[in-house]
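Thanks for sharing this one. Here are my notes, set out as numbered points so that you can follow them with the model open beside you.

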Amino acid sequence: MTSPSPTETTRPELSPAPRRRPFGLAAATALVMGNIIGGGIFALPAAVAPYGTVSLLAFLVLSVAAVLLALLFGRLARRSPVTGGLYVYPRDAFGPFAGFLSAWSYWTMCWVSIAALAVAVVGYVDVLVPLHGNHLAEGLVALAALWLPAAANFAGTRWVGAVQIVSTVLKFVPLLLVATAGLFFVDTDNFGPFNASGGSVPGAVAASAALLLYSFLGVESAAVSAGEVADPERTVGRASVLGTLASALVYLLGTVAVFGLVPHDRLVHSGAPFADAVNAMTGGHWGGTAIALVAVASITGCLNGWILLAAQMPYAAARDGLFPVPFARTGKGGVPGFGVWACAVLGTVLIALNYTAGPDTTFRVLVLVTTFTGCVPYLLSAAAQLYWLARGSRERVRPAGLTRDLIVAALSFAFSFWLIAGAGYAAVYQGVLFLFAGIPVYVWLRGRRDPATEQEPA
């Protein structure tokens with residue numbers, strides 16, 4: 001399908017898409033890992049501890065499902081190896097409105113997540129430099145954590161890739177060392193009950209999985225930035241699978257180690273579970289400082305990658321006239337500068353609301369929406385693959401891999417649907433409102449098109 005072209009009066013001259021593709025396999029894999037492994041890993045063991053070790057089963061289910069999504073995006077990237085993947089796939093299959101909804105939903109998830117990650121830095125900085133509950137100081141730390149990675153993005157995609165590799169190594173190596181070395185100190189008595197929720201095992205798995213969903217967002221990172229990836233037809237799929245498998249390994253080993261090092265009754269109330277685990281291994285109190293340093297590096301790297309994704313998705317949509325034109329302009333470094341500014345400013349607003357209105361604010365409710373808004377593009381992308389497979393067009397479907405692709409797409413669709421359902425009624429309700437809020441933007445953009453330039457889908 002050929003996308004309709006906006007008129008010259010509604011779409012000024014756009015910067016050409018950058019021809020250089022600075023992300024090789026290592027950088028693309030680091031981008032995936034860096035966006036999956038953010039600040040969540042440092043708090044997840046304590047968050048799911050109230051459900052018992054059944055949460056490890058939820059980790060396994062989510063890991064398998066995330067790999068399926070990685071395979072799905074790899075197959076889709078072979079068909080459309082361009083920037084903005086999760087927007088491009090629904091657009092090509094179902095038309096511009098589906099592409100817009102996917103882009104709008106994903107963009108919403110990105111800038112809300114960026115604000116949440118910036119706020120998450122504060123707790124770890126407080127371990128290094130006590131802030132004494134000063135809201136102004138906490139707010140300034142969060143803003144610094146947001147704008148420093150934004151500055152790295154303004155420097156260009158080559159700098160983004162370099163920062164992503166360094167930050168990923170900084171967090172991956174220490175976490176893997178704790179996860180592996182910690183296994184030698186595990187005490188099985190610390191694991192506690194298998195199901196501590198008081199309900200059924202399936203219910204406990206679903207409830208703990210709902211807390212873990214946010215941790216696997218980012219599996220699509222290489223697909224979204226495919227236009228910046230060298231040999232995207234091959235690299236996107238490989239980087240997505242490798243990054244997802246490595247991240248899942250860190251999650252599983254790290255959680256098992258923490259569960260076995262920290263007594264269950266203490267873990268439930270722990271504010272820094274990895275620090276407590278290191279303290280249990282060494283018998284000292286330096287673990288909190290070491291883990292705080294790793295956490296700050298981890299979240300900064302995660303912000304670096306998410307800011308790029310938050311700019312790339314609307315960039316691709318804007319080039320088709322389905323997002324405001326400024327989002328399509330790129331700077332000298334090949335980065336959509338307006339998109340970076342937009343997510344940084346919106347993130348700043350959310351951070352300001354968080355530190356002026358207190359903990360029980362709308363901001364904390366918005367964080368719950370990230371799971372829903374992130375899964376909508378997953379669902380639409382899986383549906384797009386099923387659509388192409390159902391059409392059976394030889395130029396779009398490889399006969400030898402038809403069965404495999406069908407299984408991956410169907411399971412990815414089911415997984416995405418399960419994630420949306422698991423997000424809870426409140427998150428789905430708020431997420432739908434966010435989605436519908438974008439419809440007037442779409443109507444306005446489409447209404448400004450010249451009917452003479454409109455084309456029917458191929």
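Contact in these notes means heavy atoms within 4.5 Å. Please also keep in mind that this is a predicted model.

1. Overall make-up. The protein has 18 helices and 0 strands. Of its 458 residues, 56% are buried. Among contacts with a separation of 6 or more, 84% are between residues 24 or more positions apart. The accessible surface comes to about 18400 Å², and carbon and sulfur atoms account for 67% of that surface.

2. Trp-306 and its surroundings. Setting aside neighbours within four places in sequence, I would look at what Trp-306 touches: Asn-35, Tyr-106, Met-109, Cys-110, Ile-114, Leu-117, Leu-217, Gly-218 and Glu-220. Trp-306 also belongs to the largest nonpolar core, which has 127 residues. Together with Phe-73, Tyr-89 and Phe-323, Trp-306 touches the most other members of that core. Helix 5 (residues 96–128) supplies the largest share of the core, with 19 residues.

3. The salt bridges. How many salt bridges does a search of the whole structure find? There are 3. One of them joins the side chains of Arg-75 and Asp-405, at 3.4 Å from N to O. This pair links distant parts of the chain, since Arg-75 sits in helix 3 and Asp-405 in helix 16 (residues 402–422), 330 residues apart. Another bridge pairs Arg-404 with Asp-405, with the closest N and O atoms 3.3 Å apart. Through shared partners, Arg-75, Arg-404 and Asp-405 are joined into one network. The side chains of Arg-91 and Asp-92 also form a salt bridge, at 2.8 Å from N to O.

4. Burial of the charged residues. Is Arg-404 buried or partly exposed? Arg-404 counts as partly exposed, because its relative accessibility is 46%, and the buried class is kept for values under 20%. Arg-75 falls in the buried class because its relative accessible area is 18%. Asp-405 is buried too, with a relative accessibility of 6%. As for the remaining bridge, both Arg-91 and Asp-92 are buried.

5. Gln-385 beside the network. This residue is worth a look alongside the charged network. Gln-385 is in helix 15 (residues 362–391) and counts as buried, at 2% relative accessibility. Leaving out neighbours within four places in sequence, Gln-385 is in contact with both Arg-75 and Asp-405. The other residues in contact with Gln-385 are Leu-72, Leu-76, Arg-79 and Ala-409.

6. Thr-255 in helix 10. What lies 2.7 Å from a polar atom of the Thr-255 side chain? It is the backbone oxygen of Tyr-251. Thr-255 is located in helix 10 (residues 232–261), and with a relative accessible area of 0% it is buried. Not counting residues up to four places away in sequence, Thr-255 touches Pro-45, Leu-56 and Phe-59.

7. A nonpolar patch on the surface. Please also view the model from the side of Leu-57, Leu-60, Val-61, Phe-194, Val-201 and Trp-418, which form a nonpolar surface patch with about 490 Å² of accessible area together. Helix 3 (residues 54–79) gives the largest share of the patch, 3 residues. Phe-194 lies in the loop between helix 7 (157–181) and helix 8 (201–212). Phe-194 is classed as partly exposed because its relative accessible area is 46%, with the exposed class reserved for values over 50%.

8. Val-428 in helix 17. Which residues does Val-428 touch, not counting those up to four places away in sequence? They are Phe-372 and Ile-420. Val-428 lies in helix 17 (residues 425–437) and is partly exposed, with a relative accessible area of 25%. Val-428 and Val-369 are 59 residues apart in sequence, and their C-alpha atoms are 7.1 Å apart in space.

Definitions and conventions:
Residues are numbered from 1 along each chain as its sequence is written. This is a predicted model: local features need pLDDT of at least 70, side-chain atom pairs count only at pLDDT 80 or more; totals for chains, interfaces and linings use all residues. Side-chain values use heavy atoms; hydrogens and water are left out. Helices (H or I, at least four residues) and strands (E, at least two) are DSSP runs, numbered from the N terminus. Buried means under 20% relative accessible area, exposed over 50%, partly exposed in between (1.4 Å probe, protein chains only). A polar contact is a pair of N or O atoms within 3.5 Å; within protein, one must be able to donate a hydrogen and the other to accept it, and residues adjacent in sequence count only if both atoms are side-chain atoms. A nonpolar core is a set of buried Ala, Val, Leu, Ile, Met, Phe, Trp, Tyr and Cys residues joined through side-chain atoms within 4.5 Å. Accessible areas come from the Shrake-Rupley method with a 1.4 Å probe; for residues, only the protein chains shown count as cover. Patches are made of residues with over 30% relative accessible area and no salt bridge: like charges are joined within 9 Å, nonpolar side chains (Val, Leu, Ile, Met, Phe, Trp, Tyr) within 5 Å. A salt bridge is a side-chain nitrogen of Lys or Arg within 4 Å of a carboxyl oxygen of Asp or Glu.
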